[in-house]
Amino acid sequence: AAGGLCPSHLSALFSRHVGLSPFEYLLRVRIREARLLLARGVRVKEVAARTGFGSQQHFCRQFRHRTGQTPTAFARQSRWNPRSPIIAIDHWGQSL
């Protein structure tokens with residue numbers, strides 16, 4: 001084990017300090033990045049690839065599960081408009 005820690009111990013330490021498993025933390029980071037890309041008009045297939053999902057279908061499933069809407073619906077409602085007010089977003093990409 002690198003650094004003298006076995007993977008399960010490292011995972012437990014991460015979870016204790018961050019409050020999420022490494023997997024859940026990474027998934028949230030990827031979904032947050034996906035939201036930003038979709039709002040900028042990047043196509044769903046490209047967003048899935050850029051954020052590390054193995055397929056567009058898997059990305060869409062995870063995105064809908066975590067945000068309550070499809071990537072296409074999210075993109076439609078959140079496309080950047082220079083006349084629209086700036087929306088504050090928390091650390092995980094949720095509107096404040």
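**Exercise 1.** In this predicted model, identify what the side chain of glutamine 69 makes a polar contact with, and then decide whether glutamine 69 is buried or exposed.

*Solution.* The partner is the side chain of glutamine 77, and the polar contact between the two side chains spans 3.5 Å. Next, place the residue: glutamine 69 lies in the loop that runs between α4 (56–67) and α5 (71–78). Its relative accessible area is 19%, and because buried means under 20%, glutamine 69 is buried. Finally, leaving aside neighbours within four places in sequence, glutamine 69 is in contact with Phe63, Arg64, Phe74 and Gln77.

**Exercise 2.** Determine which elements give two or more residues to the largest nonpolar core.

*Solution.* Begin with the membership: this core has 14 residues, and those touching the most other members are Ala34, Leu38, Val47, Phe53, Phe59 and Phe63. The elements that give two or more residues are α2 (22–39), α3 (44–50), α4 and α5, with the largest share, five residues, coming from α2.

**Exercise 3.** Classify the aromatic pair formed by phenylalanine 59 and phenylalanine 63, and state how far apart the two residues are in helix α4.

*Solution.* The ring centres are 5.6 Å apart and the planes stand at 55°, so the pair is tilted. Along helix α4 the two residues are four residues apart, which means a separation of about one helical turn. Phenylalanine 53 and phenylalanine 59 also form a tilted pair, at 5.2 Å centre to centre and 55° between the planes. To widen the picture, ring pairs link Phe53, Phe59, Phe63 and Phe74 into a cluster, while the charged end of arginine 30 sits over the ring of phenylalanine 53, 4.0 Å from its centre.

How values were computed:
Residues numbered from 1 in each chain as written. Predicted model: local features only at pLDDT ≥ 70, side-chain atom pairs only at ≥ 80, totals over all residues. Heavy atoms only, no water. Buried < 20%, exposed > 50% of the residue type's maximum accessible area, 1.4 Å probe, protein only. Polar contact = N/O pair within 3.5 Å; in protein donor to acceptor, adjacent residues only side chain to side chain. Contact = heavy atoms within 4.5 Å. Core = buried A, V, L, I, M, F, W, Y, C linked by side-chain atoms within 4.5 Å. Phe/Tyr/Trp six-rings, centres within 6.5 Å; stacked < 30°, edge-to-face > 60°. Lys NZ or Arg CZ within 6 Å of the ring centre and 35° of its normal.
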